[in-house]
Amino acid sequence: MADKFMSMKNLTFTLHSRGGKYRSITPDYLNDHTPKTIDMVFKAAFDLGKKVLHPMFEEMDRNPPQLTDGSVRVHEGVRPMLETLGEDGWIAALFPERWEGENMPSSLLLCINFIFATANYSASVYAGLTMGAAKLILSYGSEHLQNTYLPPMLAGKWQGTMALTEPEAGTSLGDLVTEAIPLESGKSESDQYNIIGEKIFISAGDHDGVDNVIHLMLARIKGAPAGVKGISLFVVPKFRPDDQGNLVENDVTVTQVFHKLGYRGAPITGLRLGEKENCIGYLVGEKHRGLLYMFQMMNNARLEVGMGATSIATAAYHSALTYCRARCQGRKITAAKDSMPVPIIEHADVRRMLLFQRAVAEGSLSLILQCGMYEDILARDPSQKDCHLLLELLTPVAKTYPSEMGILSTSTAIQCFGGYGYCDDFPVEQHFRDMRIHTIHEGATGIQGMDLLGRKLTMDNGRALVLLKQEMDGAIAAAKQHQELGEMALDLNRAMAMLEKTTMKLGAVAMEKGPDAYLADASLFLEMFGIMVIGWQWLTMADAALLALGKEGLKKKDALFYKGKVHVARYFFSYEMPKMEGLATTLEKSGQMTLAVPEDCFTD
C-alpha cells in the first residue's frame with residue numbers, strides 16, 4: 001500500500017490561492033494565522049494521520065464492526081485514536097477557549113479533516129461527527145446540556161451523532177414519526193421527554209471505542225403540527241446521568257449494523273428507542289425548531305461529505321500516480337520493437353487519466369476551501385451578507401461535484417492499475433467502494449439539484465448568482481493579465497453566459513409548465529453548474545501558479561509543481577468544460593420527458 005496519500009504542498013497552495021473581493025475586505029479571515037503557524041498545524045495533523053490513522057486503513061475495512069451482545073465492536077485502534085484526538089485538542093479546535101479550543105477558522109479545520117480523511121476516511125468520521133454534534137449543543141443547548149455533554153465529547157471519550165433517518169422517512173424528514181412525550185413527573189418537565197421510535201443509517205450510532213454515544217435526534221413532540229414545522233431537536237444519550245451523576249442505560253437498543261459496500265471501518269446502525277418506555281431525551285432550544293437547528297450541522301456536514309469525497313479521490317490519485325511511474329509496460333509507437341518497456345505514465349492515455357483525477361480532486365479541494373473562506377469571513381464579520389448567499393449557493397455544488405465525479409475519478413484510478421486495481425492487493429478498490437456513499441449522504445444528488453435550482457438560485461431575487469458572476473469576473477480579469485490564460489478566461493466567460501441562458505429557459509419552463517417541469521432535470525443543471533464552478537477554481541489556481549512562477553530564486557521542484565497546475569487547468573478547460581454544451585442542449589431539448597413516461601412503461 002502506498003504511503004503517499006496526499007500532497008502537503010498542494011494543500012497549502014490551494015489554501016493560500018483564495019481570491020475575490022471578500023478576501024480583500026477581510027484579509028485576516030484565518031484569524032491571523034501565518035503561513036508558518038499553518039505549516040506547523042498541518043505537519044502535526046499529517047504526522048497523526050500517517051502514524052495513527054493510515055496504518056488502520058486496510059485493517060478497518062477487512063475487519064468491519066460487529067454487533068455482539070447488544071454492543072457494536074469496532075477496530076481496537078478507534079478508542080486510542082479518539083483519545084489522542086481529544087487529548088491533543090483536535091476535536092475541540094473549532095471551539096472557544098472556554099472549552100479548551102482555539103477558535104480555529106473553518107478553512108483550517110477543513111484542511112485538517114482533509115488530511116485525516118486522505119489517511120483513512122472511515123477513521124476520520126468518528127471525530128467529525130462528534131465535533132458537529134458538540135457544536136450543535138454549544139449553539140442551541142442549555143448551559144446544563146453544555147456542561148454535561150461537551151467536556152467528554154471534546155475529550156474524545158463520548159461519541160456524537162446526528163440521528164435523522166427513519167425507515168419510512170429518509171430524505172423526507174417531514175414524515176418522521178419518532179415521538180417525544182413530555183414527562184408527567186420529575187424536576188425538569190419542561191425539557192425532558194420520553195422518546196419512542198426507530199432510526200436507521202446512523203453513522204457511528206454505537207460502538208465500544210467510546211464510553212457513551214450522544215445522539216442529536218429529531219423527533220415530534222406529541223400533538224405537534226404535521227410536517228417539518230412540528231419537528232424538535234433532542235439530546236438522546238445511550239447512557240444518561242442520574243441524580244448522583246452515574247451513567248445508567250437509557251433504553252436505546254441497537255437493532256443492527258448495516259453491512260456496506262465500502263466505508264466499512266465506521267458502523268452504520270439501526271436504533272430502537274423506548275422499548276421499555278424509559279428513553280429520556282433532552283430538548284435542545286425551542287420546541288418545533290429542530291430542523292432549523294439541525295441545518296447547522298447538516299450544512300456543515302454537506303461540506304464535510306464533499307471534503308470526504310475529495311480526500312478519497314486524492315488518495316486514490318496519489319496511489320495511481322505512484323503505480324504509473326513504477327509500472328513498465330509497452331513501448332511508444334515510434335520505439336524500436338526490441339526496446340525496453342517504458343513506465344506507463346509515458347503513454348498519452350494514461351496521462352489523460354491522471355490529469356482527469358488530479359483535475360477532479362484538486363478542483364474540488366479548491367471549491368470547498370472557497371466555501372470555508374466565506375464561512376470564516378462571516379464568522380469575523382456577520383455583516384457580510386453576500387458571503388452568506390455565496391456559501392448557500394455553492395454548498396450543494398461543493399457536496400455533489402466531488403461525490404459524483406469522485407466515483408469516476410476513483411474508477412479511473414483502478415483503470416490505471418489494470419487488473420491489479422480490481423484486486424485488493426492495492427488500495428484503489430477500497431477507495432472506489434468508500435467513495436460510493438457520498439452521493440447519498442446528507443441529501444442525495446437529486447435533492448441537491450432541486451435545492452440549487454429551486455431554492456438557492458431564487459434567494460434574494462437571484463442575487464446569489466449575480467454575486468457569483470462578480471467573483472468569476474474578478475478571476476477572469478486577473479487571468480487576462482497572463483497571455484497563456486487568455487483563452488481560458490474567455491471560455492469561462494462563455495460558460496457563465498451559457499448557464500445564464502439555460503437558467504432563463506428553465507425559468508420560462510417554470511412559468512409555462514409549473515414547478516414539476518422546472519425541477520425535472522435539476523440534477524443535470526447541478527452537473528452543468530458544477531463544471532462551470534470548478535472551471536472558475538482552476539482559472540484562479542492557474543493565475544496563482546503563474547504569479548508564483550514569476551518569483552525569483554524558485555526551486556526546480558517548486559517550478560515543476562506550478563507548471564503542473566497550469567497544465568491541469570488547461571486539461572480541465574479542454575476536456576471537461578466542453579461537457580457543459582451537451583448538458584445545456586439536453587436541458588433545452590429534453591422537454592422534461594421523464595414526467596411524461598407512464599409508470600406502467602417500467603415493466604419487464
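This is a chat between a trainee and a mentor about a predicted model.

Trainee: Hi! Before we start, what kind of model is this?

Mentor: Hello! It is a predicted model.

Trainee: Thanks. Let's begin with strand β5. Is β5 largely enclosed or open?

Mentor: Strand β5 covers residues 192-203, and nine of its 12 residues are buried, so the rest of the structure largely encloses it. Buried here means under 20% relative accessible area.

Trainee: Okay, and how does β4 pair with β5, parallel or antiparallel?

Mentor: Antiparallel. Strand β4, residues 179-182, pairs with β5 over four bridges.

Trainee: Which residues of β5 should I look at for that pairing, say opposite A180 and I181?

Mentor: For A180, the bridge partner in β5 is I195. I181 stands opposite N194 of β5.

Trainee: What about β12 and β5, how many bridges join them?

Mentor: Three bridges, and the two strands run antiparallel. Strand β12 spans residues 280-283. To find the spot on screen, look for Q192, which stands opposite Y282 in β12.

Trainee: And β11, how many bridges join it to β5?

Mentor: Five, again with the strands running antiparallel. Strand β11 is residues 268-273, and I268 in β11 is the bridge partner of S203.

Trainee: Going back to β4, which way do β4 and β6 run, parallel or antiparallel?

Mentor: Those two run parallel, joined by two bridges, with β6 covering residues 212-221. On that side, E179 stands opposite R220 in β6.

Trainee: Nice. New topic: empty space. How many cavities of 30 Å³ or more are there?

Mentor: The count comes to three cavities of 30 Å³ or more. The largest cavity has a volume of about 100 Å³.

Trainee: What lines the largest cavity?

Mentor: It is lined by 14 residues, and L85, N113, F116, A127 and M131 lie nearest its centre. By class, the lining has 11 nonpolar and three polar residues, with no charged ones.

Trainee: Which helices supply that lining?

Mentor: Helices α5 (78-87), α6 (106-119) and α7 (121-140) each supply at least two residues. Helix α7 gives the most to the lining of the largest cavity, with five residues.

Trainee: At what angle do α6 and α7 pack?

Mentor: They pack at about 145 degrees, and their axes are 6 Å apart. From α6, the contact uses L109, F116, A117 and A119, while α7 brings Y121, S124 and M131. By class, that contact has six nonpolar residues and one polar residue, with no charged ones.

Trainee: Did I hear F116 and M131 earlier?

Mentor: You did. Both are among the residues nearest the centre of the largest cavity, and both take part in the contact between α6 and α7.

Trainee: Good to know. Now pockets: how much space lies in the second largest pocket?

Mentor: About 830 Å³. That pocket is lined by 23 residues, with Y317, L321, R325, R358 and L560 nearest its centre.

Trainee: How does that lining divide by class?

Mentor: The lining of the second largest pocket divides into eight nonpolar, six polar and nine charged residues.

Trainee: And which helix gives the most to it?

Mentor: Helix α18, with eight residues. Helices α1 (8-16), α9 (290-326), α10 (348-380) and α18 (556-576) each supply at least two residues of that lining.

Trainee: Let's stay with α9 for a moment. V305 lies in that helix, so why does V305 count as buried?

Mentor: V305 counts as buried because its relative accessibility is 7%, and the cut-off for buried is under 20%.

Trainee: What does V305 touch, leaving out residues up to four places away in sequence?

Mentor: V305 touches K399, S403, H438, H441 and E442. V305 and I437 are also 9.3 Å apart in space, C-alpha to C-alpha, with their positions 132 residues apart in sequence.

Trainee: One last residue: where is H318? And is H318 buried or exposed?

Mentor: H318 is in helix α9 as well, and it is buried, at 8% relative accessibility. Leaving out residues up to four places away in sequence, H318 touches K4, F5, M6 and S7.

Trainee: Great, I'll go and find those on screen. Thanks!

Terms used: Residues are numbered from 1 along each chain as its sequence is written. This is a predicted model: local features need pLDDT of at least 70, side-chain atom pairs count only at pLDDT 80 or more; totals for chains, interfaces and linings use all residues. Side-chain values use heavy atoms; hydrogens and water are left out. Buried means under 20% relative accessible area, exposed over 50%, partly exposed in between (1.4 Å probe, protein chains only). Two strands pair if DSSP finds at least two bridges between them. On a 1 Å grid over the protein atoms alone, a cavity is a set of points where a 1.4 Å probe fits but cannot get out, and a pocket is an open set with protein on both sides within 12 Å along at least five of seven lines; lining residues have an atom within 4 Å of a point. Grid points are joined across faces, edges and corners, and a volume is the space filled by probe spheres set on the points. Ala, Val, Leu, Ile, Met, Phe, Trp, Tyr, Cys and Pro count as nonpolar, Asp, Glu, Lys and Arg as charged, and the others, Gly among them, as polar. Axes are lines fitted to C-alpha atoms, for helices over the stretch in contact, and angles run from 0 to 180 degrees between N-to-C directions. Contact means heavy atoms within 4.5 Å.
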